[in-house]
Structure formats: C-alpha cells, structure tokens
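Trainee: I'd like a close look at just one part of this model, the strand pairing. Please walk me through that slowly, then show me where it sits in the rest of the chain.

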Amino acid sequence: MAETRLSFKEMCARFDVTPRTLRYYEYIELLQPERVGRQRFYGPRELARMTLILRGRRYGFQLEDIRQWLLIYEKDGTDAQMRTFVEAADAQLDELARQKAQIEEAMAELRRMREETRATLADGDGRRTG
C-alpha cells in the first residue's frame with residue numbers, strides 16, 4: 001500500500017487551514033514537509049504533527065508548548081510526551097476554569113445591567129428631554 005502524501009493545497013484543505021498558517025508552521029519548524037523542487041509533500045509524520053498542533057491550539061496551548069511536546073516525542077518517545085502533556089493539561093484545565101469563572105461573572109453583571117436598564121426604560125425614566 002502506498003504511503004499517504006498530501007500536496008500543500010491538499011494539506012490546507014484536509015486541516016482547514018490557510019496557506020499562510022501552514023507556511024508559518026513550517027517557518028517555525030513545527031512541520032518539515034518533503035520538498036521536491038518547489039513542491040511540498042506531507043507524509044504520515046507531518047499529518048500526525050498537524051493533528052497534534054491543531055488539537056493543542058483548540059485547547060488553548062501556546063505553539064511553544066506544542067513544540068516541546070513534539071521535541072520530547074522525538075527525543076524521549078511517547079511515554080515522556082504523554083507525561084508532559086498530562087502535566088500541561090492539568091495546568092490548562094485550571095486556567096480554563098479560571099477564565100470560565102471570569103466570563104460567567106461578566107455575563108451575570110451584564111445581565112443585571114441590562115435588566116436595570118430595561119426597568120428604567122419601562123418606568124419612563126429613560127426618556128431624553130430636549
């Protein structure tokens with residue numbers, strides 16, 4: 001069975017990313033496609049890396065964190081990478097919980113202000129005089 005290889009355009013389509021994003025990931029060396037002349041081809045390794053990159057970004061991880069996971073995998077293997085991920089995931093879950101609490105607090109305050117404003121309008125006190 002032939003090994004999967006995607007062109008630059010196919011890689012963008014597969015992962016729903018812009019060419020600029022894909023080029024940036026190459027520029028910062030998260031991806032290293034095979035080059036044939038001016039064409040780039042992405043094999044199974046690059047597809048797996050891209051999956052990890054996008055998953056990490058979706059969960060709010062910085063690209064540098066993702067780079068470290070990729071380097072750990074290459075240097076120390078899957079177990080070391082997974083241990084590092086679990087530690088980072090714990091910290092990220094705490095951060096997301098903090099952000100969620102802040103968002104919920106802001107939403108509650110906005111609802112209160114909206115209701116106060118609505119009540120003022122209903123009382124007729126909000127009419128402008130001219």
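Mentor: Let's fix one term before anything else: two strands count as paired if DSSP finds at least two bridges between them. Also keep in mind that this is a predicted model.

With that in hand, start at the hairpin. Strand E2, residues 34-36, pairs with E3 in the antiparallel sense, and the pairing runs over 3 bridges, so the pair passes the cut-off of at least two. One of the partnerships here is Val36 with Gln39 in E3. The hairpin of E2 and E3 has 2 residues between the strands, and in it Gly37 has a positive phi near 65°.

Now go to the other partner of E3. Strand E1, which covers residues 6-7, pairs with E3, residues 39-42, over 2 bridges, again in the antiparallel sense. You can trace this pairing residue by residue: Leu6 sits opposite Tyr42 in E3, while Ser7 has Phe41 in E3 as its bridge partner.

Put the two pairings together and you get an open sheet of 3 strands, in the order E1-E3-E2, with antiparallel pairing. E1 and E2 are at the edges with a single partner strand each, so each of them has one side without a neighbour in the sheet.

What does the chain do around those strands? Along the sequence, the protein reads β-α-α-β-β-α-α-α. The radius of gyration is 24 Å, well over the 14 Å that the globule rule gives for 130 residues, so the protein is more spread out than a compact globule. You can see that in the C-alpha trace too, which spans about 75 × 35 × 25 Å along its principal axes. By count, there are 5 helices and 3 strands.

Two loops on the way from E1 to E2 deserve a stop. Most residues other than glycine have a negative phi. Asp16 isn't a glycine, yet its phi is positive, at about 55°. You'll find Asp16 in the loop between helix H1 (8-15) and helix H2 (19-27), and with a relative accessible area of 70% it is exposed. Glu29, in the loop between H2 and E2, also has a positive phi without being a glycine, near 65°. Glu29 is exposed as well, at 55% relative accessible area.

Further along the chain, look at Ala91, which belongs to helix H5, residues 78-123. Ala91 counts as partly exposed, with a relative accessibility of 48%. Its C-alpha atom is separated by 19 Å from that of Leu70, 21 residues apart along the chain.

Some totals for the whole protein round this off. Of its 130 residues, 28% count as buried. Among contacts with a separation of 6 or more, 48% come from residues 24 or more positions apart. The accessible surface is about 10,100 Å², and carbon and sulfur atoms make up 52% of that. As for charge, there are 24 positive and 23 negative side chains, with the centres of the two sets 7 Å apart.

Key
Residues are numbered from 1 along each chain as its sequence is written. This is a predicted model: local features need pLDDT of at least 70, side-chain atom pairs count only at pLDDT 80 or more; totals for chains, interfaces and linings use all residues. Side-chain values use heavy atoms; hydrogens and water are left out. Helices (H or I, at least four residues) and strands (E, at least two) are DSSP runs, numbered from the N terminus. The radius of gyration is taken over C-alpha atoms; the globule rule is 2.2 Å times the number of residues to the power 0.38. Buried means under 20% relative accessible area, exposed over 50%, partly exposed in between (1.4 Å probe, protein chains only). Contact means heavy atoms within 4.5 Å. Accessible areas come from the Shrake-Rupley method with a 1.4 Å probe; for residues, only the protein chains shown count as cover. Lys and Arg count as positive and Asp and Glu as negative; His and the chain ends are not counted. The place of a charge is taken as NZ of Lys, CZ of Arg, CG of Asp or CD of Glu.
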